[in-house]
Amino acid sequence: STYRTDNFFMTRVVAVPDASNETSSAGFIFEGLCASVFVSDCYFPSSNYGIWAKNNGAGQQPGACRFFHVSVEGNRTNGAYFESVNNVTITDSFVGTCGLTANGGAGAGIRIGTDTKGTFTFNNVNVGTSGECGIDCEITRARVRIANCSVASNSQNSSGTYPGIRFQAGCDGFVVIGGNSGGGNFADPLETLKQGYGIEIATTCVDFVIRGVHLEGNVTGAVLDSSTSAGKITNCIGYESSRAATTNATGPNGSGNITIAHGLSKTPASATAVLYGASGAVSVRNVSYSSANLVVQIFDTSTGAAITTSTYQVAWSARTDRA
């Protein structure tokens, strides 16, 4: 634990608190007026937090910190909890088996708290087998940059519940480039439960870029995107931008409508539907799109009136607004 210290250097340290897994303990705590913190080749296992940056009693928060070649494992709650800090870099490091109920707690591999500022850069960091999210970004004024990171086998406390990377409502200006978030070809041979989505983006998130990320191997899907993301998620492996199928012998309701569950992760930007095997002046048109369903209507092409009888086979396709 350190505070009110500028230009702090720590190298080749194994930091295990006396009260292992005790609430509020941490392998390395820095707070208050700490700035220019450099940590390299250190090991932070078996505490409540492996690394914890926070305000001091006067409300002062730490300045810039850098972690190189560190390993954070087996911590009760979050592996690295940046509750309050300005500017963080983590490079060539491992964060794993944190936040597991088996350790007596629940949390993320890396959590970026609400009282953070500046830029957070994670480069070539392996975040795996966390209890909840791999990297969890709360509402933050910091700009988060995740590059060439491997995030897999998270959501271990509840299968398919938590994403590999989560940007909560209010996050802005984040970037995820390269690497992977999901099982797929990077599956952990020890994993028993998998993360839900590779990346989760909440409503009100704006001005972000996700590009070239491997997103296969997640239980629920590649991306859960509730924001406006036209053109912001590109060239990702496993990110499904379109889906097509055929309903079989479906009958319309009293308004002539048929509801189709499209299975995409967000509201489609466009959709088409055609009828198979219908005779006479009968056709189909779109009524509405939602995050869960397409609604189409069977109608008489000569009168325009809805058709509410018989059954029809509808072939459809839908596409999200991915560029």
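I began with a definition: buried means under 20% relative accessible area, exposed means over 50%, and partly exposed is in between (1.4 Å probe, protein chains only).

**Entry 1. Ground rules**

I noted that this is a predicted model, in which local features need pLDDT of at least 70 and side-chain atom pairs count only at pLDDT 80 or more, while totals for chains, interfaces and linings use all residues. I number residues from 1 along each chain as its sequence is written, and side-chain values use heavy atoms, with hydrogens and water left out.

**Entry 2. A surface patch**

I looked up Val16 first. With a relative accessible area of 42%, Val16 is partly exposed. I found Val16 in the loop between strand 2 (6-11) and strand 3 (26-31). Strands here are DSSP runs of E, at least two residues long, and helices are runs of H or I, at least four residues long, numbered from the N terminus.

Which residues form a nonpolar patch with Val16? They are Val14 and Tyr43, and the three together have about 250 Å² of accessible area. A patch takes residues with over 30% relative accessible area and no salt bridge; nonpolar side chains (Val, Leu, Ile, Met, Phe, Trp, Tyr) are joined within 5 Å, and like charges within 9 Å. The areas come from the Shrake-Rupley method with a 1.4 Å probe, and for residues only the protein chains shown count as cover.

**Entry 3. Salt bridges**

I took a salt bridge to be a side-chain nitrogen of Lys or Arg within 4 Å of a carboxyl oxygen of Asp or Glu. By this rule I have 4 salt bridges.

One of them joins Glu132 and Arg111, whose closest N and O atoms are 3.8 Å apart. Glu132 lies in the loop between strand 10 (110-128) and strand 11 (135-137) and Arg111 lies in strand 10, so this pair ties together parts 21 residues apart in sequence. Are these two residues buried or exposed? Glu132 is buried at 15% relative accessible area, and Arg111 is buried at 12%.

Arg111 also meets Asp136 in a salt bridge, at 2.8 Å from N to O. Because Asp136 lies in strand 11 and Arg111 in strand 10, the pair ties together parts 25 residues apart in sequence. I read a relative accessible area of 0% for Asp136, which is buried.

Asp136 has a salt bridge with Arg166 as well, at 2.7 Å from N to O. That pair links distant parts of the chain, with Asp136 in strand 11 and Arg166 in strand 14 (residues 165-167), 30 residues apart. Arg166 is buried, as is Asp136. Through shared partners, salt bridges join Arg111, Glu132, Asp136, Glu138 and Arg166 into one network.

**Entry 4. Strand pairs**

I then turned to strand 26 (residues 313-319), which pairs with strand 21 (residues 242-246) in the antiparallel sense over 5 bridges. Two strands pair if DSSP finds at least two bridges between them. Ser242 stands opposite Arg319 of strand 26. Strand 23 (residues 270-276) also runs antiparallel to strand 26, and 7 bridges join them. Here Tyr276 has Gln313 as its bridge partner in strand 26.

**Entry 5. An open sheet**

Last, I looked up an open sheet of 3 strands in the order 22-25-24, with antiparallel pairing. Why is one side of strand 22 (257-261) and of strand 24 (282-289) left without a neighbour in the sheet? Each stands at an edge with a single partner strand, so one side has no neighbour there. Strand 24 pairs with strand 25 (residues 293-300) in the antiparallel sense over 7 bridges, and Val282 stands opposite Asp300 in strand 25.
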